[in-house]
Amino acid sequence: MRPLDEAETTVVFEKLLKFTGNNLKNIVESPAHEGPDPNPGRYCFRLQKNRVYYVSEALVKRATNISRKNLVAMGTCVGRFTHGGKFHLTVQCLGLLAANAKHKVWLKPTSEMSFLYGNHVLKGGLGRITDGIQPGDGVVVFSMSDVPLGFGNAAKSTQDCRKLDPNGIVVHHQSDIGEYLRMEDDL
């Protein structure tokens with residue numbers, strides 16, 4: 001497990017910035033109250049086998065006793081780098097994104113399952129939407145009871161959504177908690 005280099009950090013922060021906006025500062029500067037130390041540490045990003053983890057510094061210090069070959073995972077997996085060098089967010093970072101999301105969309109109960117099966121969010125299934133969304137912005141998708149379901153990219157702006165027909169796509173599906181649950185079933 002090693003720290004991210006300059007180029008990797010830039011790519012990861014650009015992707016997180018798309019979903020969190022100015023709240024990225026909260027992610028980077030949040031105190032970590034893990035471990036026996038009375039003073040809170042910080043969280044950091046570490047790379048292990050092309051996967052980026054969000055982990056406390058206290059846990060990183062303890063993990064130095066484990067060889068790289070034997071270390072499987074630690075902390076929250078934020079995403080992974082592809083062989084081509086692109087960075088993809090994983091659904092495990094949904095809790096981190098939901099707490100710091102800049103743009104949010106709430107689904108009606110009738111369209112939650114459709115989203116969890118991998119379909120895009122349609123205007124007819126939209127319950128609420130935050131103001132100021134532009135096409136291409138990162139959006140976190142919630143149920144009406146504020147349970148984070150997944151995330152995606154905005155297809156239309158907030159203003160365009162008001163004029164859209166009920167079958168128009170509002171958010172392009174990117175990842176959801178159903179994928180995480182299906183991964184656990186495969187194990």
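Helices (H or I, at least four residues) and strands (E, at least two) in this tour are DSSP runs, numbered from the N terminus. Keep in mind that this is a predicted model, in which local features need pLDDT of at least 70 and side-chain atom pairs count only at pLDDT 80 or more, while totals for chains, interfaces and linings use all residues. Residues are numbered from 1 along each chain as its sequence is written, and side-chain values use heavy atoms, with hydrogens and water left out.

**Stop 1: a loop residue**

Start by selecting D146, in the loop between β10 and β11. Its phi is positive, about 60 degrees, although D146 is not a glycine. Is D146 buried or exposed, or partly exposed? With a relative accessible area of 47%, D146 is partly exposed; buried means under 20%, exposed over 50%, and partly exposed in between (1.4 Å probe, protein chains only).

**Stop 2: the strands on either side, and their sheet**

Now show strand β10 (residues 138–143) and strand β11 (residues 148–154), which pair in the antiparallel sense over 5 bridges. Two strands count as paired if DSSP finds at least two bridges between them. Strands of a sheet pair through backbone hydrogen bonds, either parallel or antiparallel. To find your place along the two strands, pick V141, which stands opposite G150 in β11.

Zoom out to the whole sheet. In which order do the strands lie? The open sheet is formed by 6 strands in the order β8-β12-β11-β10-β7-β9, and the pairing is mixed. At the edges stand β8 (121–122) and β9 (126–129); each has a single partner strand, so one side of each is left without a neighbour in the sheet.

**Stop 3: the helix on the sheet**

Add α5 to the view: this helix packs on the sheet and touches β7 (104–107), β8, β10, β11 and β12 (169–176), where contact means heavy atoms within 4.5 Å. The direction of α5 makes about 75 degrees with that of β11. For this angle, axes are lines fitted to C-alpha atoms, for helices over the stretch in contact, and angles run from 0 to 180 degrees between N-to-C directions.

Which residues of helix α5 (residues 109–116) should you colour as buried? Choose S111, F115 and L116. They cover an arc of only 145 degrees around the axis, which puts them on the same side of α5; the arc is that of the directions from the helix axis to the C-beta atoms.

Stay with L116, which counts as buried at 16% relative accessibility. Draw a distance from its C-alpha atom to that of I177: the two are 61 residues apart along the chain and separated by 7.0 Å. Then step past the helix to G118, which follows α5 and has a positive phi, near 100 degrees.

**Stop 4: a charge over a ring**

Select W106 and R128 together. The charged end of R128 sits over the ring of W106, 4.2 Å from its centre. The criterion is that NZ of Lys or CZ of Arg is within 6 Å of the ring centre and within 35 degrees of the ring normal.

**Stop 5: strand β3 and its partners**

Move to β3 and bring in its partners one by one. Strand β1 (residues 2–3) pairs with β3 in the antiparallel sense over 2 bridges, with R2 opposite L47. Strand β2 (residues 31–32) runs antiparallel to β3 and is joined to it by 2 bridges; here P31 has R42 as its bridge partner. Between β3 and β4, also antiparallel, there are 6 bridges, and R46 stands opposite Y53 in β4.

β3 and β4 form a hairpin with 2 residues between them. Click on K49 in the turn, whose phi is positive, about 55 degrees, although K49 is not a glycine. K49 counts as exposed, at 57% relative accessibility.

**Stop 6: the aromatic cluster**

Finally, show the aromatic side chains. The structure holds 6 aromatic pairs. Rings of Phe, Tyr and Trp (its six-membered ring) pair if their centres lie within 6.5 Å; planes under 30 degrees apart count as stacked, over 60 as edge-to-face and the rest as tilted.

Y43 and Y54 form a stacked pair, 4.8 Å centre to centre with 15 degrees between the planes. This pair links Y43 in strand β3 (residues 41–48) to Y54 in strand β4 (residues 51–56), 11 residues apart. Y43 is partly exposed, at 23% relative accessible area, whereas Y54 is buried, at 8%. F45 and Y54 form a tilted pair, 5.2 Å centre to centre with 45 degrees between the planes, and both are buried. To end, select F13, Y43, F45 and Y54 together: ring pairs link them into a cluster.
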